[in-house]
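This report describes a single protein chain for a reader who has not met it before. The annotated regions are treated before one loop residue is examined.

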Amino acid sequence: MLLSSSLFSGFSPEIPAPAFIMTKLLEWLFGVSVVGAAWALVSFDLLDLSLPQTYREVAWPMPLYLLVSFGCYSLATVGYRVATFNDCDEASNELQEQIKEAKEDLRKKGLKM
């Protein structure tokens with residue numbers, strides 16, 4: 001059931017402003033620090049979890065693997081976006097026409113090109 005907007009035209013609930021706004025940078029820093037802390041706990045066995053040695057051998061180069069994976073993803077994303085970039089034929093034709101008009105106008109005013 002749709003409600004008409006006239007019913008709620010005078011209704012404006014007061015929403016309290018958040019005490020702390022988390023920016024994208026803070027979200028990424030928080031995520032990286034959580035992953036980094038987990039990596040340090042596994043790699044250096046800080047909590048004496050008695051993990052098998054193979055876990056530490058896999059965890060040790062994990063930051064490098066993640067960095068290479070992120071680089072490959074970034075490169076693929078940029079390549080895809082460049083490959084699927086839309087051409088604007090109408091805008092190009094309009095711009096060429098405006099350039100011709102501007103050149104003609106400048107010639108009429110005595111500018112030699």
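In this predicted model, the chain over residues 85-112 is 71% helix and 0% strand, with its end C-alpha atoms 37 Å apart. An unreviewed UniProt entry places the feature "coiled-coil region" at these residues. The unreviewed entry also places the feature "transmembrane region" at residues 25-44 and 64-83. The table sets out the values for the annotated spans.

| Residues | Helix | Strand | Distance between end C-alpha atoms |
|---|---|---|---|
| 25-44 | 100% | 0% | 28 Å |
| 64-83 | 100% | 0% | 28 Å |
| 85-112 | 71% | 0% | 37 Å |

Helix α1 covers residues 24-44 and has 21 residues. From its first C-alpha to its last, α1 reaches 30 Å, close to the 30 Å expected at 1.5 Å a residue.

What follows α1? The helix is followed by aspartate 45, whose phi is positive, near 50 degrees. This residue is found in the loop between α1 and α2, the latter being residues 53-59.

Is aspartate 45 buried or exposed? Its relative accessible area is 16%, and because buried means under 20%, aspartate 45 counts as buried. A polar atom of the aspartate 45 side chain lies 3.0 Å from the backbone nitrogen of leucine 49. When neighbours within four places in sequence are left aside, aspartate 45 is in contact with Ala40, Ser50 and Arg56.

Methods. Residues are numbered from 1 along each chain as its sequence is written. This is a predicted model: local features need pLDDT of at least 70, side-chain atom pairs count only at pLDDT 80 or more; totals for chains, interfaces and linings use all residues. Side-chain values use heavy atoms; hydrogens and water are left out. UniProt positions are given in the numbering used here, feature names are shortened, and annotations may be inferred rather than shown by experiment. Helices (H or I, at least four residues) and strands (E, at least two) are DSSP runs, numbered from the N terminus. The expected span of a helix is 1.5 Å times one less than its number of residues. Buried means under 20% relative accessible area, exposed over 50%, partly exposed in between (1.4 Å probe, protein chains only). A polar contact is a pair of N or O atoms within 3.5 Å; within protein, one must be able to donate a hydrogen and the other to accept it, and residues adjacent in sequence count only if both atoms are side-chain atoms. Contact means heavy atoms within 4.5 Å.
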